[in-house]
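Please keep the structure open in your viewer and follow the stops below in order, making each selection before reading what is there.

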Amino acid sequence: MTTAEPSPSLRPGDPEETAVALTKGTTGPQRPAEPPGTGAGRVGDGTEGRTLNAFSHAFLVLWAVMAAGPLLWAVMNSFKSSGAILENPWSLPESLNWENWSFAWNEANIGQYTINSVIVVGGSVVGTMLLGSMVAYVLARYDFPGNRLVYFLFVGGMAFPIIVALVPLFFVMKNFALLDTYHGLILVYIAYSLPFTVFFMSAFFRTLPSSIAEAAEIDGASHSRIFFQVMLPMAKPGLISVGIFNFLGQWNQYLIPQVVHVGDADKYVLTQGLANLAAQTGYRGNWGGLFAGLTLAVLPILVVYVVFQRQVQAGLTAGALK
């Protein structure tokens, strides 16, 4: 029995060859069959992905409304009269009452309280970052007896509630004649913020390469010069991130100023001034001035975050990337 050989006159791609292939049932390469349920799986995955995206977007929208809603409501009411606020607090202002802002800045002394807060928070943030970064660098780069003990003492300070130390803090400040002074409150803020700063910066310094510091040491640089001219500039993302966190925490601090600044109202910080304004508003009924004061207190925080938003994100991810 002999098998039929293809005609030599037929070439691949000729119409005659295609016709022969069709008659034999071999129309070309067959596509491999898909595993059972593959197509349905892809449809299901797409549906689940769309559902998950819709849920995440809805959650983000809800979170944005919860975060920005009170701020926008306060800004809106800061331009309304007290009667309009009490009558319909959710309505838009019919006219812009700039008198509320003038009252909050001048008569309620929000301007003076803001200056006091800038002085105190500015000095405390600089002192916290300088001392905290120095301590964190030593704990992260040098091994000495008691290194871990000192580190865990700072970490334990993060869990110590400040309300427990208010009464001893008052008598300590009184004995050192630091009550109602800017530098006294600055020292307290520095001591209060050091545990978090040391904890954050020590972890950040461990991620920096040691070869650069070793090369500078071989070139004859001292330990202080290596820190200030080599390692500290490399830690700039972490410094900016922890500096902003310290700024936000110290700017919104209320309990500590209530203990340290008890007598001289001219040295009150912004949180104390807002508390006084809220108490006065209950008698005077100037709710528009209160909302204007709240808006003035929030504006510096928004400005700082908007300006340094990229640096905060870079600082939080730098340790993971390195």
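Contact, wherever the word is used on this tour, means that heavy atoms lie within 4.5 Å. The model is a predicted one, and every stop should be read with that in mind.

**Stop one: Ser-193**

Select Ser-193, which is found in helix α8, and display its surroundings. Leaving aside neighbours within four places in sequence, Ser-193 is in contact with Thr-128, Asn-246 and Gln-250. Is Ser-193 buried or exposed? Its relative accessible area is 6%, and because buried means under 20%, Ser-193 is buried.

**Stop two: the largest pocket**

Keep Ser-193 selected and add Ile-162, Ala-191, Tyr-192 and Pro-195, since these five are the closest to the centre of the largest pocket among the 17 residues that line it. The volume of this pocket is about 390 Å³. Two or more lining residues come from each of α6 (147-158), α8 and α11, and α8 gives the most, with seven residues. If you colour the lining by residue class, you should find twelve nonpolar and five polar residues, with no charged ones.

**Stop three: Phe-199**

Stay on helix α8, which spans residues 182-207, and move along to Phe-199. Here the relative accessibility is 35%, so Phe-199 counts as partly exposed. With neighbours within four places in sequence left aside, Phe-199 is in contact with Tyr-151, Val-155 and Met-158. Draw a distance from the C-alpha of Phe-199 to that of Val-155: the two are 6.3 Å apart in space, although 44 residues apart in sequence.

**Stop four: Gln-253**

Next select Gln-253, whose place is in the loop between α11 and α12 (255-260). Gln-253 has a relative accessibility of 10% and therefore counts as buried. Not counting residues up to four places away in sequence, Gln-253 touches Tyr-189, Tyr-192 and Thr-271. Of these contacts, Tyr-192 has already appeared among the residues closest to the centre of the largest pocket, while Tyr-189 and Thr-271 belong, together with Gln-253, to the lining of the largest cavity.

**Stop five: the largest cavity**

How many cavities of 30 Å³ or more does a search of the whole structure find? The search finds one, and the largest cavity has a volume of about 40 Å³. To outline it, select Ser-117, Val-120, Val-121, Tyr-189, Gln-250, Trp-251, Gln-253, Val-269, Leu-270 and Thr-271. Gln-250, met earlier as a contact of Ser-193, is thus also one of the residues lining this cavity. At least two lining residues are supplied by each of α5, α11 (236-251) and α13 (270-284), with α5 giving the most, namely three residues. By class, the lining holds six nonpolar and four polar residues, and no charged ones.

**Stop six: α5 against α10**

Finally, show helix α5 (residues 110-141) together with helix α10 (residues 223-234), and turn the view until both axes can be followed. The two helices pack at an angle of about 95 degrees, with their axes 12 Å apart, and α5 and α10 are therefore roughly perpendicular to each other. To see where they meet, select Leu-130, Ser-133, Met-134, Tyr-137 and Arg-141 in α5, and Ile-226, Phe-227, Phe-228, Met-231 and Leu-232 in α10. The residues of this contact divide into eight nonpolar, one polar and one charged.

How values were computed. Residues are numbered from 1 along each chain as its sequence is written. This is a predicted model: local features need pLDDT of at least 70, side-chain atom pairs count only at pLDDT 80 or more; totals for chains, interfaces and linings use all residues. Side-chain values use heavy atoms; hydrogens and water are left out. Axes are lines fitted to C-alpha atoms, for helices over the stretch in contact, and angles run from 0 to 180 degrees between N-to-C directions. Helices (H or I, at least four residues) and strands (E, at least two) are DSSP runs, numbered from the N terminus. Angles under 35 degrees count as roughly parallel, over 145 as roughly antiparallel, 65 to 115 as roughly perpendicular and the rest as oblique. Ala, Val, Leu, Ile, Met, Phe, Trp, Tyr, Cys and Pro count as nonpolar, Asp, Glu, Lys and Arg as charged, and the others, Gly among them, as polar. Buried means under 20% relative accessible area, exposed over 50%, partly exposed in between (1.4 Å probe, protein chains only). On a 1 Å grid over the protein atoms alone, a cavity is a set of points where a 1.4 Å probe fits but cannot get out, and a pocket is an open set with protein on both sides within 12 Å along at least five of seven lines; lining residues have an atom within 4 Å of a point. Grid points are joined across faces, edges and corners, and a volume is the space filled by probe spheres set on the points.
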